[in-house]
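Dear colleague,

Please find below the structure for your review. My notes on what was found in it follow directly after.

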Amino acid sequence: MSGVVALLGTFPALSGFDIDVARGEVVALRGPNGAGKTTVLKVAAGLIPVQRGVITVLGSDVRVDRRSIRRHLGLLGHATGLYADLSVTQNVQFAVRAAGTGASASDAKKSVEAALERLGLNGRLKDLQVAHLSAGQRRRVALASLVARQVSVWLLDEPHASLDPEGRDLLDELIAEAANRGTTVIMASHDLDRADQIADRVLRLQGGRIVTENSHVA
């Protein structure tokens, strides 16, 4: 992103925001509520229009090629986006199909099964309706959907929320594994200790701009 200005109503959520993230890099965004962290993620995902500036994701202009870019990125926000009346497995399968990745049925099935196992959602849990799960379990299903899609960019908004200590540790492992595969990760987090441990860079936002940057803090 370069010189990005984005409004929420009349409020300038981003006011000349600049960021350049490399392939396989983990960047943590921190700052007070209203600093612009969530807006950065949604702008990168093409969910919030910009008034000015350039947004390039995976070499393409988000404003021009938003639909095809979305196939290659995953946004995990405060809401899990799950369907309460579907089972755990059905939710992850739907996420993979809806992404339109072009994977064969066999490969898609393997990705779903592997993601469910990695997130501890195999066994009896995989057939339960999401409506019957705890908040932490729902968060794991949302993460399994992200993992199963095998996207190139992860956009994570408070990803550790609702997870127990074991789940938070697992998420940190997943982020590290994804980065090692070349996945780019941008996360907004109030969990400062964890962000500092897993991020290559920590950026502090205020007023829709980056005010401080710390590199290689992991």
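The second largest pocket encloses about 350 Å³ of space. Its lining comprises 18 residues, and those nearest the centre are Val21, Thr56, Val57, Leu58 and Thr184. Two or more lining residues come from each of β5 (56–57), β8 (153–157) and β9 (184–188). Sorted by class, the lining of this second largest pocket holds twelve nonpolar, four polar and two charged residues. Please bear in mind throughout that the model is predicted.

The largest pocket has a volume of about 770 Å³. It is lined by 26 residues, with Leu73, Gly74, Leu75, Ala95 and Arg149 closest to its centre. At least two lining residues are supplied by each of α2 (66–70), β7 (73–76), α3 (88–99) and α5 (135–149). Which element gives the most to the lining of the largest pocket? That element is α3, with five residues. In terms of class, 14 residues of the lining are nonpolar, seven are polar and five are charged.

Helix α3 was also examined for its geometry and burial. Its twelve residues should span 16 Å at 1.5 Å a residue, and the end C-alpha atoms are 17 Å apart, so the two values agree. The buried residues of α3 are Val88, Thr89, Asn91, Val92, Ala95, Val96 and Ala99. In an α-helix there are 3.6 residues a turn, so residues three or four places apart point the same way. Among the elements that cover the buried residues of α3 are α4 (105–118) and α5. Glycine 100, just after α3, takes a positive phi of about 60°.

The same checks were made on α6 (165–180). For its 16 residues, a span of 22 Å is expected at 1.5 Å a residue, and the end C-alpha atoms lie 23 Å apart, which agrees. Buried in α6 are Gly167, Leu170, Leu171, Asp172, Leu174, Ile175, Ala178 and Ala179. The cover over these residues includes β3 (26–30), α4, α5, β8, β9 and α7 (192–198). Just after α6, glycine 182 has a positive phi of about 100°.

Two residues other than glycine also have a positive phi, and they may merit your attention when you inspect the backbone. Glutamine 150, with phi near 55°, lies in the loop between α5 and β8. Is glutamine 150 buried or exposed? Its relative accessible area is 61%, which is over the 50% cut-off, so glutamine 150 is exposed. Glutamate 158, with phi near 50°, is placed in the loop between β8 and α6. Glutamate 158 has a relative accessibility of 12%, under the 20% cut-off, and therefore counts as buried.

Histidine 160 is likewise found in the loop between β8 and α6. Because its relative accessibility is 6%, histidine 160 counts as buried. Which residues does histidine 160 touch, not counting those up to four places away in sequence? They are Arg168, Leu171, Asp172, Met187, Ser189, Asp191, Arg194 and Ile198. Of these contacts, Leu171 and Asp172 are among the buried residues of α6.

Yours sincerely

Key
Residues numbered from 1 in each chain as written. Predicted model: local features only at pLDDT ≥ 70, side-chain atom pairs only at ≥ 80, totals over all residues. Heavy atoms only, no water. 1 Å grid on protein atoms, 1.4 Å probe; cavity = no way out; pocket = protein on both sides within 12 Å on 5 of 7 lines; lining within 4 Å. Points joined across faces, edges and corners; volume = space filled by probe spheres on them. Helix = DSSP H or I, 4+ residues; strand = E, 2+ residues; numbered from the N terminus. Nonpolar A, V, L, I, M, F, W, Y, C, P; charged D, E, K, R; others polar. Buried < 20%, exposed > 50% of the residue type's maximum accessible area, 1.4 Å probe, protein only. Contact = heavy atoms within 4.5 Å. Expected span 1.5 Å × (residues − 1).
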